[in-house]
Amino acid sequence: MPISDRPSRMFAINPDSTTPLVTQIVEGMKELIASQKLRAGAKLPSIRQFADTQKVSASTVVEAYDRLVAEGYLVARQSSGFYVRYMSRGLYREEQQSLRNIRFDPLWFVRRVWESGSAEVTPGYGWVPDDWLDPDLIRRTMRNLAGKPSAQGSGYGHPKGLTALRLKVCDWLAEREIAAAPDQVLLTTGASHALELVSQYLLRPGDAVLVDEPGYSVMMSNLRARGARLVGVPWTATGPDLAALERLAAEHAPRAFFTNPRLHNPTGASYSPGAAHRVLQLADRFDFIVVEDDVSADLDVDARRSLACLDQLNRVIYLTSFSKSISPRLRTGFIAADPDAIEDLTQIKMMTGLTSSEITERLTLEILNEGRHRKQIKSLKDKLAQAQDRVCRQLVQSGLLLFAEPQSGLFVWARHPAFADSSLLCNEALDANLLLAPGHLFMEGGQSSPWMRFNVGFSDRPELFEFLGRQGCA
């Protein structure tokens, strides 16, 4: 049988499946390439040949082949056809080995998590599982948007971001009792971009900056790169240690406090109302800016007031994204602050990357206007609440100690009583195809920690609890 005949005969397409035909072809081809049943350099059937063999339309095959080219699995040669990319074999070998060589450095860890698909169980991931989000939401919205004249614009777009989406963000903020006008909103390429812009706006090398400890590792790496002097504020189950915060603010005269008050990454805990008021009092007394990272706002089952709500964007710079509630692939976020700060932040945005993507912003607006988005958020909250309950119970049954029981959101912070340094346990877990997130990744100085972050969306797996039970906990 010629090589070009093989792919269309190696996997079956089910026209009655709820999975789109294009997706079935793409995933089938990826499996053949990953298993090396299709080797590097192999020529695929022509579009017409594949369509005839599988009884699908030529346009379906065109879309599938184009997607495989875009994702780097195939290469198209003019007047010749489609071929398996020569680098594929090496790529898959690298992915299979990458977790074995993991160093558990914060940025290294993030990159390896995103690059590798080799771990079978991944409690260390930091995002919502794909299958908990509407799998067809972006594709359907793109189709809807393609037929609208407003989507056919050219150019770079508005420096502050799409005006209609900024108006929608103002409505979103108003639902959370934060009064903001469109000139107080700057759209960004996700929350990480927002943090980068704010850090450039606020900080100069040598400035003291307060951060949650433990806290968001990517943010701390960003602040270090700016030359900031990081000062960790210890966390409790109800927010920052307020006595420590007062002492550290008096000692270091910080320029800002970067904090994640709601469903905190990595502990899952949230500020109590009293803690929120006290932090704002200390910010006023010691004259520092509070940067509120509220990326899990849409996942909270409780009607907690944000710092920005209590402060009304006077001393608080508020940022978030729609990655958790819509899709991390959209990379749409925003900053809300006083108008003068937004003007300066817009200048920095223009200097470092011109404008954000108007196409992505139009997609986000279309999704926010679609009635099903609110239904998706409710479904996510329900799934996370149920997962929190199951995972917390199973962690305790496996002998681990919990920092807090969040009730909602993605994260739980827990420790194994037999390990003073959780990285030792996390390295053992790699041999069992488990990717855990050790506590030192989230510490300001990278010091060892007995704690680990568990993402409840990826942790409800018997393999995880069997592994933990074998460590002498149960």
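This passage describes an open sheet with two of the helices that lie on it, and then the surroundings of helix 17, in a predicted model.

The sheet is open and consists of eight strands, which follow the order 3-10-9-8-7-4-5-6 with mixed pairing. Its edges are formed by strand 3 (185–188) and strand 6 (239–240), each of which pairs on one side only. Strand 6 runs antiparallel to strand 5 (residues 229–236), and the two are joined by two bridges; in one bridge pairing, threonine 236 has glycine 239 of strand 6 as its partner. Helix 10 (residues 217–225) packs on this sheet, where it touches strand 4 (208–213), strand 5 and strand 7 (256–259), and its direction makes about 165° with that of strand 4. Helix 11 (residues 242–252) lies across strand 4, strand 5, strand 6 and strand 7, and runs at about 165° to strand 5.

In helix 17 (residues 422–431), the buried residues are Ser422, Ser423, Leu425, Cys426, Ala429 and Leu430. Viewed down the axis of helix 17, these buried residues fall within an arc of 155°, and they therefore line one face of the helix. Such a pattern can be read against the geometry of an α-helix, which has 3.6 residues a turn, so that residues three or four places apart point the same way. The other side of helix 17 carries Leu424 and Asp431, both of which are exposed. The buried residues of helix 17 pack against strand 13 (437–438), strand 14 (451–455) and helix 19 (462–469). After helix 17 comes asparagine 433, whose phi is positive, near 60°.

Terms used. Residues numbered from 1 in each chain as written. Predicted model: local features only at pLDDT ≥ 70, side-chain atom pairs only at ≥ 80, totals over all residues. Heavy atoms only, no water. Pairing = 2+ DSSP bridges. Helix = DSSP H or I, 4+ residues; strand = E, 2+ residues; numbered from the N terminus. Contact = heavy atoms within 4.5 Å. Axes fitted to C-alpha atoms, helices over the stretch in contact; angles between N-to-C directions. Buried < 20%, exposed > 50% of the residue type's maximum accessible area, 1.4 Å probe, protein only. Arc of directions from axis to C-beta.
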